[in-house]
Amino acid sequence: MTTTPCILCVAITGSVPTKAANPAVPISIAEQVESTHAAFEAGASICHAHVRNDDETPSSDPEKFARLMEGVQNHCPGMIIQFSTGGRSGAGRERGGMLSLRPDMASLSVGSNNFPTRVYENPPELVDWLASEMKTHAVKPEIEAFDLSHIHKAAEMNRDGRIPGQLYVQFVMGVKNAMPVDRETFDFYIQTLNRLAPDAQWCAAGIGPNQIVLNEWAIAAGGHTRAGLEDNVRLDRDRLAPSNAALIQRAADLCAKYDRPVATPAQAREILGLRPA
């Protein structure tokens, strides 16, 4: 058991969930800022951000990201802002068009894999370009590991300087057609990362009903974790989640169960080697 503070990341919107699935999914910038603030009050120190158009379709518009960043900075002092460079919101280099805004962090997928209905394409040239843009603008990558090979690739890019500094890797489990939720695999992920990059930090995210499973595994094992409506719109089989804050509060309650203090934004910045707010 570890008493290292646990960083809670709130994945507020994503590219897929709609208000038809859960009316609490925040779409407009104002809704996103309000939802993030409530999650911040519940213990989230990272905001993982996507932006949407008015019709709820995904967007990679830098202007929307700029307004969201400004709103979160104003209402959530010190919170770490992490932009998504995921593939549903744009094609090719469009996915990194907002990195010049210099958020604290951005997600980086270093390899391709299957998603529920398509291939999530991350060709090497694009991965290298996104990583170089993050390096240029002093944005810390969060590696989205959908597969074991992605951990090996991230460690290679860390060794050769394409991803400088301390690695931060998120194990994503439970995406249909990608890595299922499997405890032995989860444990092997941790062992592999510790072997390849001994100073790395890691977190974990589970999709759908597996969100709470991965929250507990990560918190108990000394890692960090993510919750929010991007990954899961329900509290349980019978109830929709009323807010992002409710899902973060559930993770914070697990931190208490395992004697893990919830990291403050300042502690999270120190753990991740980020610039002060």
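Modeller: A residue is called buried when its relative accessible area is under 20%. The model under discussion is a predicted one.

Biologist: Why is Cys6 called buried?

Modeller: The relative accessibility of Cys6 is 0%, and the limit is under 20%. Cys6 therefore counts as buried. Cys9 is also classed as buried, because its relative accessibility is 3%.

Biologist: How many disulfides does the structure hold?

Modeller: The structure holds 0 disulfides. Cys6 takes part in none, and the nearest cysteine sulfur, in Cys255, lies 3.9 Å away. Because a disulfide requires two cysteine sulfur atoms within 2.5 Å, the distance of 3.9 Å for Cys6 does not qualify.

Biologist: Why is Cys9 not assigned a bond?

Modeller: The closest cysteine sulfur to that of Cys9 belongs to Cys203, at 6.9 Å. That separation is too far for a bond, given the cut-off of 2.5 Å.

Biologist: What makes the pair of Tyr120 and Phe146 edge-to-face?

Modeller: The structure holds 9 aromatic pairs. In the pair of Tyr120 and Phe146, the ring centres are 5.8 Å apart and the planes meet at 90°. Pairing needs centres within 6.5 Å, and edge-to-face needs planes over 60 degrees apart; the pair therefore satisfies both conditions. Tyr120 belongs to strand 8 and Phe146 to the loop between strand 9 and helix 4, so the contact ties together parts that are 26 residues apart in sequence. Both residues, Tyr120 and Phe146, are buried.

Biologist: Why is the pair of Phe171 and Trp202 called stacked?

Modeller: The centres of Phe171 and Trp202 are 5.3 Å apart, with 20° between the planes. Stacking requires planes under 30 degrees apart, so the label follows. The pair connects strand 10, which holds Phe171, to strand 11, which holds Trp202, across 31 residues. Phe171 is buried because its relative accessibility is 0%, and Trp202 is buried at a relative accessible area of 7%. Phe171 and Trp202 also belong to a cluster that ring pairs build together with Phe186, Tyr189 and Trp217.

Biologist: How do you know that strand 10 is mostly covered?

Modeller: In strand 10, residues 168-173, 6 of 6 residues are buried. Side chains in a regular strand alternate between the two faces of the sheet. In strand 10 one side carries Tyr168, Gln170 and Val172, the other Val169, Phe171 and Met173, and all are buried. Both faces of strand 10 are covered.

Biologist: Which strands pair with strand 10, and in what sense?

Modeller: Strand 9 pairs with strand 10 in the parallel sense over 3 bridges, and Glu144 has Gln170 as its bridge partner in strand 10. Strand 11 runs parallel to strand 10 and is joined to it by 6 bridges. Pairing needs at least two bridges, so the counts of 3 and 6 both qualify. In strand 11, Trp202 is the bridge partner of Val169. From strand 10 the chain crosses through helix 5 to strand 11 in a right-handed β-α-β crossover. Strand 9, helix 4 and strand 10 likewise make a right-handed β-α-β unit.

Biologist: What lines the largest pocket?

Modeller: The largest pocket, with a volume of about 770 Å³, is lined by 42 residues, and those nearest its centre are Arg88, Val175, Ile207, Glu230 and Asp231. Strand 6, strand 10, helix 6 and strand 13 are the elements that give two or more residues to this lining. Strand 13 supplies the largest share, 3 residues.

Notes
Residues are numbered from 1 along each chain as its sequence is written. This is a predicted model: local features need pLDDT of at least 70, side-chain atom pairs count only at pLDDT 80 or more; totals for chains, interfaces and linings use all residues. Side-chain values use heavy atoms; hydrogens and water are left out. Buried means under 20% relative accessible area, exposed over 50%, partly exposed in between (1.4 Å probe, protein chains only). Helices (H or I, at least four residues) and strands (E, at least two) are DSSP runs, numbered from the N terminus. A crossover is right-handed if, with the strands pointing away from the viewer, the path from the first strand over the helix to the second runs clockwise. Rings of Phe, Tyr and Trp (its six-membered ring) pair if their centres lie within 6.5 Å; planes under 30 degrees apart count as stacked, over 60 as edge-to-face and the rest as tilted. On a 1 Å grid over the protein atoms alone, a cavity is a set of points where a 1.4 Å probe fits but cannot get out, and a pocket is an open set with protein on both sides within 12 Å along at least five of seven lines; lining residues have an atom within 4 Å of a point. Grid points are joined across faces, edges and corners, and a volume is the space filled by probe spheres set on the points.
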